[in-house]
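The exercises below invite a reader new to this structure to work through it one feature at a time. Each task is followed by a solution that goes step by step.

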Amino acid sequence: MNRMNCSGVSLIQRQPQAAAVLTGSNEYPDIYGVVRFYSTKNGTLVYADVEGLPYAGNRCSQEVFGFHIHEGESCTGNADDPFADAKTHLNNDNCGHPFHTGDMPPLFGNKGKSVSVFLTNRFSIEEVIGKAVIIHGSPDDFTTQPSGNAGEKIACGIIRPVMR
Ligand SMILES: [Zn+2]
């Protein structure tokens, strides 16, 4: 194999094994995103592409959004938390935050858009099928327990297998 074929860039041109379509809560109806999951020999490659994120235009406080896989399997909720049924961070190994199975790098906003590609060996695709991907309204501080003080859940989507 040519070394270039190991790169995430060539992988994301292919069909993923699983994907989640994210939509915003009633308060954030413009958010739309797709998170794709690719199985590789070194772990799971995650490719998130999101638009319609909040954007205030302040250079010195550009938006950063906590981004996690949660243990719940539904993007339903209540008046206080529209995605309450997504529950808390997926945590197969009983670790603290930010060492949860479902903890991922936060999304950096770029005038309402965000694209992020990263490799993680915290979960296989099989372990996250059916789980909820959540975007939070605030940065993840990687310290506060149990979930990094990332604020309200602003978008949600369920991870589904991609049919071939
Ligand atoms: Zn966590």
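**Exercise 1. Determine whether Asn149 is buried or exposed, and describe its backbone.**

Asn149 has a relative accessible area of 54% and is therefore exposed, given that buried means under 20% relative accessible area, exposed over 50%, and partly exposed in between (1.4 Å probe, protein chains only). Asn149 lies in the loop between strand 8 and strand 9, where helices (H or I, at least four residues) and strands (E, at least two) are DSSP runs numbered from the N terminus. The phi angle of Asn149 is near 50 degrees, which is a positive value in a residue other than glycine.

Before going on, note that this is a predicted model, in which local features need pLDDT of at least 70 and side-chain atom pairs count only at pLDDT 80 or more, while totals for chains, interfaces and linings use all residues. Residues are numbered from 1 along each chain as its sequence is written, and side-chain values use heavy atoms, with hydrogens and water left out.

**Exercise 2. Find another residue with positive phi, and locate the cis peptide bonds that precede Pro98 and Pro146.**

Lys87, in the loop between strand 5 and strand 6, also has a positive phi although it is not glycine, with a value near 60 degrees. Pro98 belongs to the loop between strand 5 and strand 6, and the peptide bond that leads from His97 to Pro98 is cis, with omega near 5 degrees. Pro146 is placed in the loop between strand 8 (132-136) and strand 9, and the bond from Gln145 to Pro146 is likewise cis, with omega near 0 degrees.

**Exercise 3. Identify the disulfide and say which parts of the chain it links.**

A disulfide is counted here when a pair of cysteine sulfur atoms lies within 2.5 Å, and a search of the whole structure yields one. Its partners are Cys75 and Cys156, with an S to S distance of 2.0 Å. This pair links distant parts of the chain, since Cys75 is in the loop between strand 5 (67-70) and strand 6 (107-108), whereas Cys156 is in strand 9 (residues 153-161), 81 residues apart. The link of Cys75 and Cys156 is left-handed, with -75 degrees about the S-S bond. As for accessibility, Cys156 is buried at 2%, while Cys75 is partly exposed at 24%. Two further cysteines can be placed on this scale: Cys60 is exposed, at 78% relative accessibility, and Cys95 is partly exposed, at 32%.

**Exercise 4. List the protein donors of the zinc ion and describe their spacing.**

Donors are N, O and S atoms within 2.8 Å of the metal (3.2 Å for Na, K and Ca), and water is not among the atoms, so sites may look incomplete. The zinc ion has as its protein donors His89 (ND1), His97 (ND1), His100 (ND1), Asp103 (OD) and Asp103 (OD), at 2.0 to 2.5 Å. Along the chain these donors follow the spacing H-x7-H-x2-H-x2-D. His89 and His100 are both in the loop between strand 5 and strand 6, eleven residues apart. His89 is buried, at 2% relative accessibility, and His100 is buried too, at 5%.

**Exercise 5. State which domain the UniProt record annotates over residues 32-159, and describe that stretch.**

The unreviewed UniProt entry gives "domain: Superoxide dismutase copper/zinc binding" for residues 32-159; its positions are given in the numbering used here, feature names are shortened, and annotations may be inferred rather than shown by experiment. Over these residues the chain is 3% helix and 35% strand, with the end C-alpha atoms 15 Å apart.
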